[in-house]
Structures are given as C-alpha cells and as structure tokens.
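This report describes a single protein chain. It begins with one charged residue and then moves through the strands, the loops, the salt bridges and the overall dimensions.

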Amino acid sequence: MLIILDCCIGCHACEIACRQENDLSYETDSKWCRVMTIKPRRIRNELHLDYFPIMCLHCDDPLCIQCCPVEAIVKQEDGIVTVDNEKCNGCGLCVYACPYGAMSFNELTKVAGKCNLCLERLEYGIEPSCVQHCIGGALRYVTQEDLEETTKGKHTTSIGKVCYASSKWRLAQ
C-alpha cells in the first residue's frame, strides 16, 4: 500500500469506504482506516494543511500477534496480518499493544479488528475499497516495481506493507 501524503485532501472517503466494506456501523467507534489532520505549517512562505491516512501497517514483527492469548491474529505468507473473529475472545490486549493505534475493538460484536487490505477483494483482483474510493489518488495498491518508480525523488518511509511518500515534507526539512 502506497500513501502519497501530498495527494490526500482530507475528504475521509477512505474511512467511509472502509466502514461500508467491513460493516463497521456508526454505533461503534471501531475504525480500521482514519484520516488525521496535521496543523497548518509554512513551507516556502506558503501555508499548508496536511492530512495523514492511518491504517494497519502489517508490521514485519507485529506486537498484536505476540500479545494475543488465543492466537486469533496471524501473519499470512504474503505479509498481510489478519484477525480471526471466531477465535477472538475480546480481551482487547492487541488494541493496547499496537503502537500505531491500528487495532480497534468493536463494542457491538465484542471482537477486535483491523485493516486486512480488503483481503477478499484482493483475492478477486480488486483493489482495497479505500484505494478505489480515494478521490485524491493518495491511496494506491502497487507492486514493488511501481512503488520504486512512483516514489523516486520523494521522501519515503516504509513500515511493514505500507509506504508513506511526500515531496512537500522533504522540502520542510
């Protein structure tokens, strides 16, 4: 997953698409994708208001897996970290263990959940719902070759299966 921060316009379409795709009703605070607003700042005498999409990073060594007492969280061979709702006992330890705040507890279903990159869609060759509905083009599901080409000359940071990229942030340094 590539997130180009310069393209995010803060429309929250990714949040809505994720909620709909994963049946996360508004009766719960459970969010698998959210957009954070970063306060205004100056870059070369221009004022910028930035937005930062946040979702599960599918870490290389996920703490959520390590702390789950019932082994409901697994990392697949392709690196995607998933939660088995049938095994989850609702203890919430994974929610507290995630250093990125990507895990959430659904008060209605009484299980933990997180972004799985719309695994069911990927199996049919369809991009994740958040990517499909991102009107600014900030979210992209790309191959490793496309990632390298798209991020040339940009400041990037990668954690797990997610890469953040920006040209503006590099100028601010």
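## A buried lysine

Lys-114 is buried yet has no salt bridge; the nearest side chain of opposite charge belongs to Asp-78, 10 Å away. A salt bridge would require a side-chain nitrogen of Lys or Arg within 4 Å of a carboxyl oxygen of Asp or Glu, so the 10 Å to Asp-78 does not qualify. The model is predicted, and this applies to every value given here.

Lys-114 sits in the loop between strand S7 (111–113) and helix H4 (119–123). A polar atom of the Lys-114 side chain lies 2.6 Å from the backbone oxygen of Val-81. Leaving aside residues up to four places away in sequence, Lys-114 touches Trp-32, Cys-56, His-58, Val-81, Val-83, Ala-102 and Met-103. Val-81 thus appears both among the residues touched and as the owner of the backbone oxygen at 2.6 Å.

## Strands and sheets

The chain has 7 helices and 10 strands. Strands of a sheet pair through backbone hydrogen bonds, either parallel or antiparallel.

Strand S2 (residues 33–43) pairs with strand S3 (residues 46–55) in the antiparallel sense, over 9 bridges. Within this pair, Val-35 has Pro-53 in S3 as its bridge partner. S2 and S3 form a hairpin with 2 residues between them. Arg-44, in the turn, has a positive phi of about 50 degrees. Asn-45 is in the loop between S2 and S3 and has a positive phi of about 65 degrees, although it is not a glycine. Asn-45 counts as exposed, at 71% relative accessibility.

An open sheet of 4 strands has the order S8-S1-S10-S9, with mixed pairing. Its edge strands are S8 (139–140) and S9 (155–159), each of which pairs on one side only. S9 is joined by 5 bridges to strand S10 (residues 162–166), and the two run antiparallel. Thr-157 has Tyr-164 in S10 as its bridge partner.

## Helix H1 and the loop after it

Which residues of H1 are buried? They are Ala-13, Cys-14, Glu-15, Ala-17, Cys-18 and Arg-19. These buried residues pack against S2, helix H5 (129–132) and S8. S8 therefore has two roles in this account: it is an edge strand of the open sheet, and the buried residues of H1 pack against it.

Asp-23 lies in the loop between helix H1 (13–21) and S2. Just after H1, Asp-23 takes a positive phi of about 55 degrees, although it is not a glycine. At 66% relative accessibility, Asp-23 counts as exposed.

## Salt bridges

The count comes to 4 salt bridges. The table gives three pairs, among them one that involves H1.

| Pair | Closest N to O | Accessibility |
|---|---|---|
| Glu-15 and Lys-31 | 3.5 Å | Glu-15 11%, buried; Lys-31 31%, partly exposed |
| Arg-41 and Asp-50 | 2.8 Å | Asp-50 3%, buried |
| Glu-149 and Lys-152 | 3.3 Å | Lys-152 57%, exposed |

The side chains of Glu-15 and Lys-31 meet in a salt bridge at 3.5 Å. Glu-15 lies in helix H1 and Lys-31 in the loop between H1 and S2, so the pair ties together parts that are 16 residues apart in sequence. Glu-15 is one of the buried residues of H1.

Arg-41 and Asp-50 form a salt bridge with closest N and O atoms 2.8 Å apart. Arg-41 falls within the range of S2 and Asp-50 within that of S3, the two strands of the hairpin. Asp-50 is buried, with a relative accessible area of 3%.

## Whole chain

The C-alpha atoms fill a box of roughly 50 × 35 × 30 Å, taken along the principal axes. For 173 residues, a compact globule would have a radius of gyration near 16 Å; the chain has 17 Å, which agrees. Buried residues make up 43% of the 173 residues. Among contacts between residues at least 6 apart in sequence, 54% join residues at least 24 apart.

Methods. Residues numbered from 1 in each chain as written. Predicted model: local features only at pLDDT ≥ 70, side-chain atom pairs only at ≥ 80, totals over all residues. Heavy atoms only, no water. Buried < 20%, exposed > 50% of the residue type's maximum accessible area, 1.4 Å probe, protein only. Lys, Arg positive; Asp, Glu negative; His and termini not counted. Polar contact = N/O pair within 3.5 Å; in protein donor to acceptor, adjacent residues only side chain to side chain. Contact = heavy atoms within 4.5 Å. Pairing = 2+ DSSP bridges. Rg over C-alpha atoms; globule rule 2.2 N^0.38 Å.
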